[in-house]
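Colleague: I have the model open and would like to go through it with you. Shall we take it feature by feature?

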Amino acid sequence: MSEKIQDIYLSNNSAREQWRAFLEERGIKNFTKNETKLIEQTIGIFDDDKLVATGSFANNVIKYVAVCDAGIQNKGARFNKVISELENRLSQLSRFHHFVFTKPEYQNSFEHVGFRTLAATEFGVILEKGTPNIEDYLAKIPRFASGSKIASIVMNANPFTKGHRYLVEKAARENDYVYVFVVKQDASLFKTSERVKLVKEGTADIENVIVVSGGDYMVSFPSYFIKDKEKVIKYQTLLDAKIFKEQIIKPLGITSRYLGSEPFSHTTNLYNKALQEEVGTEINIVIVDRLEIDKEVVSATKVRKSIARGKVSECLGNVPKTTATYIIANLKELQLRIEKGQRIDGN
């Protein structure tokens, strides 16, 4: 009997367990709640009632692609059929730019169907296809004269604090221009648009600073195909460093990157180390001790926790006036997000 493509509805317990067992047999076992709840559509190729290939997408990211090894002569055809169907569905939703985060052994398969590798590590690979792509993203960013000292900072700014401002001020004093990239991550308490707005308002008086969204290239990378938590951190940090090194530095003429020190976060320390090892061969890496007020390190996490407790007065001294004004005006909405399950820990 001929194989058929069918939707797999993960809300159905039986269908979800069949799908999950199929993926686990192929080494995909890291089913975190945050990863799977973002899935919009999942398809499968079925030989009678047997699942022989599957793939999903969330937003514009193709994920959870797996193909049965049995009948190996059909493996390539099944893979191509899954990707083609997912791309067609994404196009019907007017999403013409697609990403894949996958294991290194599948890099060639995705390149064979038109994806372009942006960065590759021993742990994972990121590829893209369609438009707007990395060149389109970079084309919208202002450029500066060749030979200028151009610093860069990448921040989540959830929300923008005096600590973030302190880092920007130092970079601005020591360089001709500063790019501040705001990470695109709507899993944060403050949405991407809000964080970009607060960083722009909080640095508006510093003339040599340009604030831009990190777009699709400075995000929290999916890691569902990696089982070991330590490897997940290394994969995400190294991939971020490689994309910045191989895709961002040269076109924008960046000569340095500024980082805040982080004495308490294992993840951030690994991230800083990856940047030093990977990017430090190309540009200067400047690590700045974090700002302290009244002998306490200024922390966006502390600000979020104050919002959650309704003790906003406790945090106002740690944020610029522009951020404080926004928090006060939108306090109920921010607290409602927390009540609905929005995390306030982390970076």
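Colleague: Where is the place of Pro159?

Modeller: Bear in mind that this is a predicted model. The peptide bond from Asn158 to Pro159 is cis, with omega near 5°. As for Pro159, its place is in the loop between β8 and α6 (162-174).

Colleague: And in which loop is Pro132 found?

Modeller: Here too the bond is cis: from Thr131 to Pro132, omega is near 0°. Pro132 is found in the loop between β7 and α5 (134-139).

Colleague: Now the sheets. In what order do the seven strands of the open sheet come?

Modeller: Start from the edges. They are β1 (4-7) and β6 (116-120), each pairing on one side only. The pairing in this sheet is mixed, and the order is β1-β2-β3-β4-β5-β7-β6.

Colleague: What does the twist average from one strand to the next?

Modeller: That concerns the sheet with β1 and β6 as its edge strands. From one strand to the next, its twist averages 25°.

Colleague: Which residue is the bridge partner of Phe57 in β4?

Modeller: Strand β3 (residues 50-58) and strand β4 (residues 61-67) run antiparallel, joined by five bridges. Asn59 has its place in the loop between them. Its phi is positive, near 55°, though the residue is not glycine. Across the pair, the partner of Phe57 is Ile62.

Colleague: What angle does the direction of helix α3 make with that of β3?

Modeller: Take α1 (residues 13-25) beforehand: it lies across β2 (41-47), β3 and β4, at about 95° to β3. Helix α3 (residues 75-92) also packs on the sheet. It touches β1, β2, β3, β4, β5 (97-102) and β7 (125-130). With β3, the direction of α3 makes about 35°.

Colleague: Which residue in β7 does Ala119 stand opposite?

Modeller: A hairpin of four residues joins β6 to β7. The two strands run antiparallel, with four bridges between them. Opposite Ala119 stands Ile126.

Colleague: On to the other sheet. What is the order of its five strands?

Modeller: This sheet is open too, and its pairing is parallel. Its edge strands are β10 (209-213) and β12 (284-288). Neighbouring strands are turned by 25° on average, direction ignored. The order is β10-β9-β8-β11-β12.

Colleague: Which residue in β9 stands opposite Ile153?

Modeller: β8 (residues 150-155) and β9 (residues 177-182) run parallel. Six bridges join them. Opposite Ile153 is Val180.

Colleague: Helix α9 (residues 266-278) packs on this sheet. What angle does its direction make with that of β11?

Modeller: α9 touches β11 (256-260) and β12. Its direction against that of β11 is about 165°.

Colleague: Which element gives the most to the lining of the second largest pocket?

Modeller: The pocket holds about 380 Å³ of space. Of its 24 lining residues, the closest to the centre are Val65, Ala66, Val67, Phe79 and Tyr106. At least two residues each come from β4, α3, β5 and α4 (107-112). With six residues, the element that gives the most is β4.

Colleague: How many residues of that lining are charged?

Modeller: The lining of the second largest pocket has 13 nonpolar residues and five polar ones. The charged residues number six.

Colleague: How far apart along the chain are Phe99 and Tyr217?

Modeller: They form an aromatic pair, 5.7 Å centre to centre. Their planes are 70° apart; over 60 counts as edge-to-face, so the pair is edge-to-face. Phe99 is in strand β5, Tyr217 in the loop between β10 and α8 (229-252). Along the chain they are separated by 118 residues.

Colleague: Which element gives the most to the lining of the largest cavity?

Modeller: The structure holds one cavity of 30 Å³ or more. The largest cavity has a volume of about 30 Å³. Tyr217, Met218, Asp240, Ile243, Phe244, Ile248 and Arg257 line it: five nonpolar, no polar and two charged. Four of the lining residues come from the element that gives the most, α8.

Methods. Residues numbered from 1 in each chain as written. Predicted model: local features only at pLDDT ≥ 70, side-chain atom pairs only at ≥ 80, totals over all residues. Heavy atoms only, no water. Pairing = 2+ DSSP bridges. Axes fitted to C-alpha atoms, helices over the stretch in contact; angles between N-to-C directions. Contact = heavy atoms within 4.5 Å. 1 Å grid on protein atoms, 1.4 Å probe; cavity = no way out; pocket = protein on both sides within 12 Å on 5 of 7 lines; lining within 4 Å. Points joined across faces, edges and corners; volume = space filled by probe spheres on them. Nonpolar A, V, L, I, M, F, W, Y, C, P; charged D, E, K, R; others polar. Phe/Tyr/Trp six-rings, centres within 6.5 Å; stacked < 30°, edge-to-face > 60°.
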